[in-house]
Amino acid sequence: MSLDSITTSVDEAVSGFFEPIAKWLGEVVFYSVPVAGTELPLIVAWLVVAGLVFTAWFGLVQVRKFKLAVDVVRGKYDEKGSAGEVNHFQALTAAVSGTVGLGNIAGVAVAVSIGGAGATFWMILCGLLGMATKFVEVTLGVKYREVHADGTVSGGPMHYLPKGLADRFGKNGKTLGKVLGILASVMILFFGLFGGNLFQVNQSYAQLVSVTGGEDGLMGSSAGALFFGILVAALVGIVLLGGIRSIASVTSRLVPAMAGIYIVACLVVILVHATAVPAAIGTIIEGAFNPEGVAGGVLGALIIGFKRAAFSNEAGLGSAPIAHSAVKTKHPASEGLVALLEPFIDTVVICTMTALTIVIADPASWAEARKDPDSVGGVTITSDAFGTVMPWFPYILTVAVMLFAISTVLTWGYYGLKAWTHLFGRSKASELTYKVVYTLFAIAGSLLTLQTLIDMADAVLFMLAVINIIGLYLLAPVVKRELNSFLEFVRARKAGAEDDEDQESVKTTV
């Protein structure tokens, strides 16, 4: 029996068993209600409302404290002797690598095809709101993290939900928090294996096959798929064995590299079509408030833009606090401020650059997709947009996709490990078991699709948002205290720096 027939049989068997479950779960989690001629997924509304509430509650923290967040990333307010494993910049890049991925390339193209250019405007707005939610959940992640005897750190909703709710509501809160913590771990682990690992490897392999001659090319055979899977698995396994320090070391190089390659490519297209920029911006703004051919009109464009942003930056899902919790700091809110930069980078910068490139280049495939959104794949539209200036871009896109995929696999490997150890303990045997299983999933990613399980993983991850955001609302007063504490520290640090400067001035004068 050939490898192809084996993998096909496995795919069909798994899909046949889990398809009814995935379908039911998807209908529940992504339940939509008809609004003005279009469908509004309630989970997207749940995430957007959270962003609005936290933006108001913390007084536009994402705007007022943006510069302070950048200063913290630069290390301006670092303190010696702080518990943790990585610095602020490494924690940020590790978390960003889990959100910046194929959705930024393909998903945005789908959004501007279904919702028109105006979806870009609402996508940006949702990204800005998500910054406040990310600030809240990451502050809690660091506040209630667990620092182990060996110096390693565990954090995330599986920690701050039980500990935080117990702190605020006593015995009843402790019981509820334990149950929510276990559920959060299961959901994160499941998505990590299928959505964060198998899907990323599968899609990066598909892109590699497309630029190496297709199914008849160098990598199109089963042997090529197996070789690719083993290669990725080996890289992932080596880095994963090194823990968050190793992952952060790799992602702190990969994330700037992949973002840099992609943004430069976008800028090349934009500069070549520079005369079309004003008209494109006008099209985006006009399309946001007066869209044509979009189901539901303005509300339809808004929903599509919000949906793309919410699915892209993961604000409110509880995943990012796991990476951020490993930061070296004595002030939880300092990392919360760093984390609010994450949706800005992912959605406001990278997703917007993709959308603007497509709108400016206006490839034929985009026009075709606006008439029939199912006619052309999202990544094809993005690739065609770059192709208007750089016909060789599919090869560069392949490099970007590979970097996106590997960094996402690494980060979700760490997220899954923390969920696994919360459920099964931190023994060496337990951790090694997880790492072996996760590595094998990377090999399977190039051989199998298991689309039904990936769809189910998406539903499970967004189910986590329901649990997580309830906890964020209940624990928001804790975040307020932590923010005030850090701002007090910043004021004291600034006052001390000014005093030092005055003393130096006096010495110089004398």
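**View 1. Lys67 and Asp71 form a salt bridge in this predicted model.** The closest approach of the two side chains, N to O, is 3.2 Å. Both residues belong to helix H4 (residues 66-73), where they lie four residues apart, about one turn of the helix. Lys67 counts as exposed because its relative accessibility is 59%, over the 50% cut-off. Asp71, with a relative accessible area of 6%, is buried.

**View 2. Asp71 also forms a salt bridge with Arg74.** Here the closest N and O atoms are 3.0 Å apart. Arg74 is exposed, at 63% relative accessibility.

**View 3. Arg491 and Glu488 are joined by a salt bridge in helix H20.** The N to O distance is 2.8 Å. The two residues are about one helical turn from each other because they stand three residues apart in H20 (residues 451-509). Arg491 is partly exposed at 46% relative accessibility, and Glu488 is partly exposed with a relative accessible area of 48%. In the region of the earlier views, salt bridges with shared partners link Lys67, Asp71 and Arg74 into one network. The whole structure contains five salt bridges.

**View 4. Helix H2 has buried residues on one side.** The buried residues of H2 are Ile43, Val44, Leu47, Val48, Ala50, Gly51, Phe54 and Thr55. These residues lie on the same side of H2 because they cover an arc of only 150° around the axis. H2 (residues 42-57) has 16 residues, so at 1.5 Å a residue it should span 22 Å; its end C-alpha atoms are 22 Å apart, in agreement. Just after H2, Gly59 adopts a positive phi of about 60°.

Technical notes
Residues are numbered from 1 along each chain as its sequence is written. This is a predicted model: local features need pLDDT of at least 70, side-chain atom pairs count only at pLDDT 80 or more; totals for chains, interfaces and linings use all residues. Side-chain values use heavy atoms; hydrogens and water are left out. The expected span of a helix is 1.5 Å times one less than its number of residues. Buried means under 20% relative accessible area, exposed over 50%, partly exposed in between (1.4 Å probe, protein chains only). The arc is that of the directions from the helix axis to the C-beta atoms. A salt bridge is a side-chain nitrogen of Lys or Arg within 4 Å of a carboxyl oxygen of Asp or Glu.
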